[in-house]
Amino acid sequence: MTEKPAPRDEPEKSLSDLAGSYAAKAGMERRDDGQIDVLKSIGGVRGLVESVLPGIIFLVVFTVSRDLGPALIGALGTAAVFTVLRLIQRGTVTQAFSGLVGVGICAFVANSTGRAEDFYVWGFITNAAYIVGMVVSVLVKWPLAGLLFGFIRGEGIDWRKHPRRLKAYVLATWIVTSVLVLRLLVQVPLYFMGEDGLVALGTARLVMGLPLYALGLWLAWLVSRPAGSALPGGSAGRAGEQD
């Protein structure tokens with residue numbers, strides 16, 4: 001008896017599993033009413049505090065003392081406390097150390113150059129990398145917004161088969177990309193002002209961090225919603241978008 005050939009949709013299934021894993025790791029969540037839970041998607045109140053507090057400590061301590069050392073120690077110490085708390089509460093190792101590693105890199109760069117404004121350089125680099133990734137995802141017709149939102153809505157990667165849904169997710173990806181580009185347009189000129197622009201840079205970094213990202217995420221969710229998306233699971237939306 002001859003062996004049956006492997007199903008032709010096996011590569012698509014593998015891509016679907018990969019995209020699903022990516023969406024799950026991104027921490028995106030949807031409320032019972034079918035809307036994206038923006039606060040949970042950015043880590044909740046705790047995630048927001050963990051994201052902004054080390055930067056606030058750094059900015060305040062340096063502004064008051066004009067001494068880079070204590071400011072870096074304060075930022076690192078704050079991030080370390082959050083890391084220990086997550087480990088005590090048995091959070092994942094990646095989750096526990098991700099914030100500390102990020103602050104550690106920022107502190108290392110600033111300490112190496114002796115320039116307080118260099119505390120923000122690593123953020124520029126990662127921001128630019130995300131922009132490149134999102135632009136590439138649009139060019140290859142795998143927009144990242146589709147990978148994230150598609151699984152929350154129960155679409156999987158079926159949205160790629162329908163031009164209208166693909167176009168919606170391309171637009172959503174451009175919205176998030178615009179937020180990242182706006183950050184650089186505002187913050188990089190402040191960086192080149194040196195210490196004279198440090199307070200403005202630090203403030204812009206805090207305001208244009210998770211709060212602005214959350215707004216962009218919410219707008220991207222709205223513009224990419226399928227028809228009838230108020231129904232749980234998004235099935236009505238998919239049925240209404242068959243092109």
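Select Asp158 to begin: in this predicted model, its relative accessibility of 35% is why Asp158 counts as partly exposed. Add Lys161 to the selection, and the two side chains are seen to meet in a salt bridge, at 3.8 Å from N to O; Lys161, at 53% relative accessibility, counts as exposed.

Next, select Arg115, Glu117 and Asp118, which are joined into one network by salt bridges that share partners. Within this group, the closest N and O atoms of Arg115 and Glu117 are 3.2 Å apart, and while Arg115 counts as partly exposed at 37% relative accessibility, Glu117 counts as buried at 5%.

Then move to Arg86 and Glu50, another salt-bridged pair, whose closest N and O atoms lie 3.1 Å apart. Both of these residues are buried, and because Arg86 belongs to helix H4 and Glu50 to helix H3, the pair ties together parts that are 36 residues apart in sequence. In total, the count comes to 6 salt bridges.

Now turn to the largest nonpolar core, which has 25 residues, and select Phe58, Leu72, Phe119 and Tyr120, the members that touch the most others. Helices H3, H4, H5, H6, H8 and H9 each give two or more residues to this core, with the largest share, 5 residues, coming from H4. Keep Leu72 selected and look beyond its neighbours within four places in sequence: there Leu72 is in contact with Phe58, Ala107, Ala110, Asn111 and Phe119.

Finally, select Ala145, Phe149, Leu166 and Val176, which are among the 21 residues of a second, separate core.

Conventions: Residues numbered from 1 in each chain as written. Predicted model: local features only at pLDDT ≥ 70, side-chain atom pairs only at ≥ 80, totals over all residues. Heavy atoms only, no water. Core = buried A, V, L, I, M, F, W, Y, C linked by side-chain atoms within 4.5 Å. Buried < 20%, exposed > 50% of the residue type's maximum accessible area, 1.4 Å probe, protein only. Helix = DSSP H or I, 4+ residues; strand = E, 2+ residues; numbered from the N terminus. Contact = heavy atoms within 4.5 Å. Salt bridge = Lys/Arg side-chain N within 4 Å of Asp/Glu carboxyl O.
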